[in-house]
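Work through the exercises below with the sequence and the coordinates open. Each task is followed by a solution in steps.

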Amino acid sequence: MLKESIILGIDPGTNIMGYGVIHIGPQGIETLALGIVNMQKIKDPYRKMSHILEHMFDLLDTYKPDAMAIESPFYSKNVQSMLKLGRAQGVAMAAALSRNVPVCEYAPRKIKLAITGKGAASKEQVAAMLKGMLHFNQEPVSLDATDALAVAVCHANQLQIPVALQGPKTWKDFISKNPQRVVRK
């Protein structure tokens, strides 16, 4: 069983950044906060980074998470979009690290798989599954908020998997743990 902890999930963005905060306790996972930081009206890209930093510090200081989980950037044909997203992600990560909060990254497909069982699930499917799992009453302002909550839940699920069930990390490790499966000719 996992010890009690608070996890901050972040769906980074330069126009909208989603966040979700969960508490893991004896009763399971409980939603503490769910929302977005809307920066669509801010035109200066550097001011957007400052805005992300300010809101990250607010979230970190308010909820005092034990860990932050963040969605990693996905491949895009638009290099400029990738660079902007990477900057937003970097600012969020730096804020957490400056408060000594460990950071973990998860690929979008892994997050969707952890929540819905399908790596190609839509944002709407992820939101519906989370609503059923966590029984939150608050209607999310944006799917970016539920995406962030999904990142936090994905991280919680990873923490609960015993190391023995995670499997070997290398072929050498696999062979040493499974000598009966090696066929020699």
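The exercises concern a predicted model, and they go from helix packing to salt bridges, nonpolar cores and single residues.

**Exercise 1. Helix packing**

Task: Describe how the axes of helix α1 and helix α2 cross, and list the residues that make the contact.

Solution.
- Step 1. Locate the helices: α1 covers residues 45-63 and α2 covers residues 79-98.
- Step 2. Take the geometry. The two axes come within 9 Å and cross at roughly 35°.
- Step 3. Assign the hand: the crossing of α1 and α2 is right-handed.
- Step 4. List the contact residues. Helix α1 contributes Met49, Ile52, Leu53, Met56, Phe57 and Leu60. Helix α2 contributes Arg87, Ala88, Val91, Ala92, Ala95, Ala96 and Ser98.
- Step 5. Sort them by class: the contact has eleven nonpolar residues, one polar and one charged.

**Exercise 2. Salt bridges**

Task: How many salt bridges does the structure hold? Examine the pairs of arginine 47, arginine 99 and lysine 123, with the accessibility of each partner.

Solution.
- Step 1. The count is four salt bridges.
- Step 2. Arginine 47 pairs with glutamate 54, at an N to O distance of 3.2 Å. Glutamate 54 is partly exposed at 37% relative accessibility, and arginine 47 is partly exposed at 36%.
- Step 3. Aspartate 61 is bridged to arginine 99, with 2.8 Å between the closest N and O atoms. Since arginine 99 is in the loop between α2 and β5 (103-106) and aspartate 61 is in helix α1, this bridge ties together parts 38 residues apart in sequence. Both partners are partly exposed: arginine 99 has 36% relative accessibility and aspartate 61 has 35%.
- Step 4. Lysine 123 meets aspartate 147 at 2.2 Å, N to O. This pair links distant parts of the chain, with lysine 123 in helix α4 (residues 123-134) and aspartate 147 in helix α5 (residues 143-160), 24 residues apart. Lysine 123 is partly exposed at 34% relative accessibility. Aspartate 147 counts as buried because its relative accessible area is 9%, and the cut-off for buried is under 20%.
- Step 5. Look for shared partners: Lys123, Asp144 and Asp147 are joined into one network of salt bridges.

**Exercise 3. Aspartate 144**

Task: Is aspartate 144 of the network buried or exposed, and which residues does aspartate 144 touch?

Solution.
- Step 1. Aspartate 144 is in helix α5.
- Step 2. Its relative accessibility is 18%, so aspartate 144 counts as buried.
- Step 3. Leave out residues up to four places away in sequence; aspartate 144 then touches Asp11, Ile16, Gly18, Ile36 and Lys123.
- Step 4. For a separation in space, take isoleucine 24: the C-alpha atoms of aspartate 144 and isoleucine 24 are 22 Å apart, with their positions 120 residues apart in sequence.

**Exercise 4. Nonpolar cores**

Task: Which residues have the most contacts inside the largest nonpolar core, and which elements each supply at least two of its residues?

Solution.
- Step 1. The largest nonpolar core has 23 residues, and those with the most contacts inside it are Leu8, Ile10, Ile52, Met56 and Met68.
- Step 2. At least two residues of this core come from each of β1 (5-11), β2 (16-25), β3 (28-38), α1, β4 (67-71) and α2.
- Step 3. A second, separate core has 21 residues, among them Ile7, Ile24, Ile111 and Leu149.
- Step 4. Take methionine 56 as an example. Beyond its neighbours within four places in sequence, methionine 56 is in contact with Leu8, Ile10, Met17, Met68, Ala92 and Ala95.
- Step 5. For context, nonpolar side chains in soluble globular proteins tend to be buried together.

**Exercise 5. Two buried residues**

Task: Where do histidine 155 and alanine 127 lie, and what does each contact?

Solution.
- Step 1. Histidine 155 lies in helix α5 and is buried, at 4% relative accessible area.
- Step 2. Not counting residues up to four places away in sequence, histidine 155 touches Ile7, Ala67, Ala69, Cys104 and Tyr106.
- Step 3. Alanine 127 lies in helix α4 and is buried, at 14% relative accessible area.
- Step 4. With neighbours within four places set aside, alanine 127 is in contact with Leu143 and Thr146.
- Step 5. The C-alpha atoms of alanine 127 and alanine 150 are separated by 8.1 Å, the two residues being 23 apart along the chain.

Notes: Residues numbered from 1 in each chain as written. Predicted model: local features only at pLDDT ≥ 70, side-chain atom pairs only at ≥ 80, totals over all residues. Heavy atoms only, no water. Axes fitted to C-alpha atoms, helices over the stretch in contact; angles between N-to-C directions. Helix = DSSP H or I, 4+ residues; strand = E, 2+ residues; numbered from the N terminus. Left-handed = near helix turned anticlockwise from the far one by under 90°. Contact = heavy atoms within 4.5 Å. Nonpolar A, V, L, I, M, F, W, Y, C, P; charged D, E, K, R; others polar. Salt bridge = Lys/Arg side-chain N within 4 Å of Asp/Glu carboxyl O. Buried < 20%, exposed > 50% of the residue type's maximum accessible area, 1.4 Å probe, protein only. Core = buried A, V, L, I, M, F, W, Y, C linked by side-chain atoms within 4.5 Å.
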